[in-house]
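Subject: A structure handed over to you, with notes

Dear colleague,

I am handing over the structure we spoke about, and I would ask you to look through it before you read on. My notes on what was found in it follow below.

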Amino acid sequence: MSLAAETAPVAPIVEIAGLRKSYGTNEVLKGIDLKVAPGEVVAIIGKSGSGKSTLLRCINGLEEFQDGSLTVDGKPLLTDSPGAMRELRQRVGMIFQSFNLFPHLTVGRNVMLAPTLVKKRGKAEAEAQAKALLERVGLADKFDAMPDQLSGGQQQRVAIARALAMEPAVLLCDEITSALDPELVGEVLRVVERLATEGMTLLMVTHEMAFARKVSSRVVFMHLGRVHEIGPPSEIFGNPQTPELKQFLSSIHE
Amino acid sequence: MVQFSNWDILRNLIFAAEWTIVLSLIAFVGGGLVGGCLLVARLWRGGWVNHVFNGYVQLFQGTPLLMQLFLSYFGLRLLGVEVSVWVSASLALTLYTSAFLAEIWRGCVAAIPKGQWEASTSLALSFGEQLRHVILPQALRIAIPPTVGFLVQVIKGTALASVIGFVELTRAGNMIANVTYKPFTVFAFVGLMYFVICYPISLYARYLERKTHVARR
């Protein structure tokens, strides 16, 4: 899959060029170039503070950047146009470390909220879609539950269903298993893995190296706000080129 | 000399208490609307609106309500606007209430985790949809106890409207004390009536607080 994505002349779904972002005088992204083809699964790894989450958050406009360009599906990201941003965000779903389910709504209504408001779906249609999506993440029986009645792993799977309800072309996963108890990580990763095999374009910041190695078509190693090394997982994990990546990988295996 | 029974005193005070309640309601509804608009403007735009919001809140929180009443009564007259005590008292109390409610509610919205804004943003909800469906329903739950608690402050605050000649409970008490020569009895009744109005509201606030705590676990 990765080879096809890289060799075929397919227009990239996410195209980032010369992206720079600073908080005050502290530059956290120092010129990022990255193209992601449709169906690609890109894992972003690196030390904390390397800018990987910030990069992800730039892609759906949660963070503004100062310089460079970012297009999704050929459309440039315009942070000063709320209408254009809403268009874009319908194409880009995001899942967070802390789940961020809406605690005052049932699981079903969490999933239905955005489609009914943004896509103007009828209630019956949205409900059928929500039920199908919850079934897909293995939570068909939780439609009427409140989020705080669920385990962390279940909440994160609801969050995935909620993001999928908008039928995004790209899904951003920001350390989605980092807040989970170890025994709950597997159930979430299995859902993500299935999405990957079904052809969803995924960009994920992750600390689960075994998972990144298994599922991703390309791995991006970020260091000090730059893409330090990039390549297929076999290369990145099996044959790291730079001392920084070697050190990072060995620090994880300890 | 005319003799006044306790019932005469009480009956007149009850009549005046209605105006205390009406003025409180005006202050609360008006203040709620103005305060709500201020808060939404601040959440929507930020930037310079933040400064205006903070300045407004500080101005009304940092000056005595008594001065605000004086200024709204005499100040408007100085500007050549002839207003009744009704308008003056309503205006001053509305502005005063709006500043406090806006600040109370701002705190409640700020208590909602940032992730709720981010999740709803990434789901392509507009600002209005975020407020209506995600943020306000959660903020409302924590806002009810302090809001109801502040209502009690407003009710007692209406007593100050008596200084510009607005006849409510306190002013009526003053007038009755002057004709009956029984200030102790009269003001004891006045105090009792404030208590009768405010105590159930305080109880209700406490009940709501318990209830929302249980709901939030």
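One definition is needed before the pocket is described: Ala, Val, Leu, Ile, Met, Phe, Trp, Tyr, Cys and Pro count as nonpolar, Asp, Glu, Lys and Arg count as charged, and the others, Gly among them, count as polar. Please also keep in mind throughout that this is a predicted model.

With those classes in hand, the residues that line the largest pocket divide into eleven nonpolar, six polar and seven charged. This pocket has a volume of about 970 Å³, and its lining is made up of 24 residues, of which A:Arg89, B:Trp117, B:Thr121, B:Phe127 and B:Gln130 lie nearest the centre. Two or more lining residues come from α3 (82-91) of chain A, and likewise from each of α1 (6-45), α4 (85-110), α5 (114-122) and α6 (127-157) of chain B.

A second kind of empty space is the cavity. A search of the whole structure finds one cavity of 30 Å³ or more, and the space in the largest cavity comes to about 40 Å³. Which residues line the largest cavity? From chain A they are A:Met94, A:Ile95, A:Phe96, A:Phe99, A:Ala159, A:Arg162 and A:Ala163, and from chain B they are B:Ala119, B:Ser122 and B:Leu123. The elements that supply two or more residues to this lining are β6 (92-95) and α6 (152-164) of chain A, together with α5 of chain B; α6(A) gives the most, with three residues. By the classes defined above, the lining of the largest cavity divides into eight nonpolar residues, one polar and one charged.

Turning to the sheet in chain A, you will find an open sheet of four strands in the order β2-β1-β4-β5, and the pairing is antiparallel. Why is one side of β2 (26-36) and of β5 (75-76) of chain A left without a neighbour in the sheet? These two strands stand at the edges and each has a single partner strand, so there is no neighbour on the other side. As background, strands of a sheet pair through backbone hydrogen bonds, either parallel or antiparallel.

The sheet can be followed strand by strand. Strand β1 (residues 14-23) of chain A pairs with β2(A) in the antiparallel sense over eight bridges, and it pairs with strand β4 (residues 67-72) of chain A, also in the antiparallel sense, over five bridges. A:Val14 is a good residue to look at here: its bridge partner in β2(A) is A:Val36, and its bridge partner in β4(A) is A:Val72. Further along, β4(A) and β5(A) run antiparallel and are joined by two bridges, and the partner of A:Thr71 in β5(A) is A:Pro76. The hairpin of β4(A) and β5(A) has two residues between the strands, and in this hairpin A:Asp73 takes a positive phi near 60 degrees.

Chain B is built otherwise, with eight helices and zero strands, and its C-alpha atoms fill a box of roughly 80 × 50 × 25 Å along the principal axes. In an unreviewed UniProt entry, the annotation "transmembrane region" covers residues 20-41, 83-105, 142-166 and 186-207 of chain B. In the model, residues 20-41 of chain B are 100% helix and 0% strand, with end C-alpha atoms 31 Å apart, while residues 83-105 of chain B are 91% helix and 0% strand, with end C-alpha atoms that are also 31 Å apart. UniProt, again in an unreviewed entry, places "domain: ABC transmembrane type-1" at residues 17-205 of chain B, a span that is 84% helix and 0% strand in the model. For chain A, the unreviewed UniProt annotation "domain: ABC transporter" covers residues 14-249, and that span is 39% helix and 26% strand.

Finally, a word on confidence. Chain A averages a pLDDT of 92, and 96% of its residues score at least 70. Among the elements of chain A, helix α4 (residues 107-118) has the highest mean pLDDT, at 97, and helix α1 (residues 2-7) the lowest, at 48. Over residues 1-5 of chain A the pLDDT is below 50, and beyond near neighbours in sequence this stretch has five contacts in the model. Where pLDDT is low, the predicted coordinates should not be read in detail.

With best wishes

Note on methods. Residues are numbered from 1 along each chain as its sequence is written. Chains are lettered from A and ligands numbered from 1 in the order in which they are written. This is a predicted model: local features need pLDDT of at least 70, side-chain atom pairs count only at pLDDT 80 or more; totals for chains, interfaces and linings use all residues. Side-chain values use heavy atoms; hydrogens and water are left out. pLDDT is the predictor's confidence in each residue, from 0 to 100. Contact means heavy atoms within 4.5 Å. UniProt positions are given in the numbering used here, feature names are shortened, and annotations may be inferred rather than shown by experiment. On a 1 Å grid over the protein atoms alone, a cavity is a set of points where a 1.4 Å probe fits but cannot get out, and a pocket is an open set with protein on both sides within 12 Å along at least five of seven lines; lining residues have an atom within 4 Å of a point. Grid points are joined across faces, edges and corners, and a volume is the space filled by probe spheres set on the points. Two strands pair if DSSP finds at least two bridges between them.
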